[in-house]
Amino acid sequence: MAETERFDSNGNKIDNSSEKKKGNKLWIVVVALFVIYIALNSCLIVCHEDEYKLIRQFGRVDRTITDAGLYVKIPFIESVDTVPKKVLLYDLPVSDVITSDKKTMIVDCYVLWRVTDPLKFAQTLSHSIGNAENRIDQLVYNAMKNTISNMTQDEVIRSRDGKIEVTDVATDTDVENNDIVLDEVHKTVAIKSLTEEIMEKLGTVYEQYGIEIMTVEVKKLDLPDDNKQAVYTRMISERENIAAQYTAEGESQARIIRNTTDKEVSIMLSEANAKAEQIKAEGEAEYMKILSGAYNDESKSDFYSFVRSLDAAKTSMKGKGQKTLILPADSPIAEVFAGY
């Protein structure tokens, strides 16, 4: 097939062979860059901050890379496996556990863990996160079951948050009234939490796998649905009994206080009445003494008799329509009016 000739805008003939040479050179450069990229990709290792690198030679781990950076490996002879270096979370399946008092409880928890020895992790668990989670599941469930099976249901619930509310009764003496006063003091006491109990049971058995279980946290602690209503009913009954006991104690204390107060009031009234009668008697005695001294002579005695007679006449004339006072001649009042 004849080659087609091409001309430029000036009528000069264009050389097709030079363009072909330029195209071939471009392809060669592209292929060379691709080959260099493949070679560098097979020779260089990039290790990030959150990962370990395991370098294998024919399937056997030759060395481990724990620090971030750029490293070199032998192409086609050495292969690279990546192991996470960051903290990992594993959410355990919800499980039923029986307490020491034969109560079933539903426990939902999660585990925070990380790889500490990538070589041991690869040798025991084939550097598989799934294998590690299966082993963690077994270890944590056994530790949790052993812990809760040695505790009653109330102990498990109380140790949920690692603290408990207690009430202390402080005794004090009222010096003025010579009474003993009981004062209730509520305070929070730290106890060993359920997480700490599980971690103690777990021990350090996980270290043989090149991992570290940092903590086991309980998300949910509940009762089976078929037991909830019975437990709620029992709790309500217990609270009602406690409330009734408190009410009875309060009423008893109220009666004691009322009786004591009534007794004190009666004593105070009796003493006050006695004191009032004594003061009245003393006043009347003093009054009679003063009268006796005032009318001791004859002139004063006559004036006293006169005043008393007028008072008697005034009293006798009280009444509706009565204007006349009739007296016998020998009456003391008549003597007053008669002037003898």
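These are my notebook entries on what I looked up in this predicted model.

**Entry 1. Overall make-up**

I began with the secondary structure and found eight helices and 13 strands in the protein. I then looked up burial: buried residues make up 20% of the 340 residues. For the surface, I noted an exposed area of about 24,500 Å², of which carbon and sulfur atoms supply 55%. I also looked at how far apart in sequence the contacting residues lie. Of the contacts with a separation of 6 or more, 58% are between residues 24 or more positions apart.

**Entry 2. Salt bridges**

I counted the salt bridges in the protein and got nine. I took up three pairs in turn.

I started with Arg56 and Asp81, whose side chains meet in a salt bridge at 2.4 Å, N to O. I placed Arg56 in strand E4 (residues 51–57) and Asp81 in strand E7 (residues 78–84); the pair is 25 residues apart and links distant parts of the chain. Are these two residues buried or exposed? I found Arg56 buried, and Asp81 as well.

I went on to Glu212 and Arg114, which form a salt bridge with the closest N and O atoms 2.8 Å apart. Glu212 is in strand E13 (residues 211–222) and Arg114 is in strand E10 (residues 104–115), so this salt bridge ties together parts 98 residues apart in sequence. I list Glu212 as partly exposed because its relative accessible area is 25%. Arg114 is also partly exposed, with a relative accessible area of 33%.

My last pair was Arg63 and Asp62, where the closest N and O atoms of the salt bridge are 3.3 Å apart. Arg63 has 30% relative accessibility and therefore counts as partly exposed. Asp62 has 35% and so counts as partly exposed too. I noted that Asp62, Arg63 and Glu78 are linked in a network of salt bridges.

**Entry 3. Surroundings of Arg56**

I returned to Arg56 in strand E4. Why does Arg56 count as buried? Its relative accessible area is 14%, and the cut-off for buried is under 20%. The side chain of Arg56 also makes a polar contact with the side chain of Asp81, at 2.4 Å.

I then listed what Arg56 touches, leaving aside neighbours within four places in sequence. Its contacts are Val61, Asp62, Ile77, Glu78, Ser79, Asp81, Ala122 and His127. I note that Asp62 and Glu78, both in contact with Arg56, belong to the salt-bridge network with Arg63. Ala122, another contact of Arg56, is one of the buried residues of helix H2, which I looked at next.

**Entry 4. Helix H2**

I took helix H2 as residues 118–125 and found Pro118, Phe121, Ala122 and Leu125 buried in it. These residues cover an arc of only 105° around the axis, so they sit on the same side of H2. What do the buried residues of H2 pack against? I found E4, strand E5 (60–65), E7, E10, helix H3 (129–149) and E13.

I checked both ends of H2. At its start, a side-chain oxygen of Asp117 comes to within 3.3 Å of the backbone nitrogen of Leu119. After H2 comes Ser126, with a positive phi near 55°.

**Entry 5. Helix H5**

I did the corresponding look-up for helix H5, residues 194–202. Which residues of H5 are buried? I recorded Leu194, Thr195, Ile198 and Leu202. Their arc around the axis is only 100°, which puts them on the same side of H5. The buried residues of H5 pack against H3, helix H4 (153–158) and E13. H3 and E13 are thus on my list for H5, and they were on the list for H2. H5 is followed by Gly203, whose phi is positive, near 70°.

**Entry 6. A nonpolar surface patch**

I finished on the surface. Val31, Phe34, Val35, Tyr37 and Ile38 form a nonpolar patch there, with about 500 Å² of accessible area together. I looked up Ile38 separately and placed it in helix H1 (residues 16–43). Ile38 counts as partly exposed because its relative accessibility is 38%. For membership of a patch, the cut-off is over 30% relative accessible area.

How values were computed. Residues are numbered from 1 along each chain as its sequence is written. This is a predicted model: local features need pLDDT of at least 70, side-chain atom pairs count only at pLDDT 80 or more; totals for chains, interfaces and linings use all residues. Side-chain values use heavy atoms; hydrogens and water are left out. Patches are made of residues with over 30% relative accessible area and no salt bridge: like charges are joined within 9 Å, nonpolar side chains (Val, Leu, Ile, Met, Phe, Trp, Tyr) within 5 Å. Accessible areas come from the Shrake-Rupley method with a 1.4 Å probe; for residues, only the protein chains shown count as cover. A salt bridge is a side-chain nitrogen of Lys or Arg within 4 Å of a carboxyl oxygen of Asp or Glu. Helices (H or I, at least four residues) and strands (E, at least two) are DSSP runs, numbered from the N terminus. Buried means under 20% relative accessible area, exposed over 50%, partly exposed in between (1.4 Å probe, protein chains only). A polar contact is a pair of N or O atoms within 3.5 Å; within protein, one must be able to donate a hydrogen and the other to accept it, and residues adjacent in sequence count only if both atoms are side-chain atoms. Contact means heavy atoms within 4.5 Å. The arc is that of the directions from the helix axis to the C-beta atoms.
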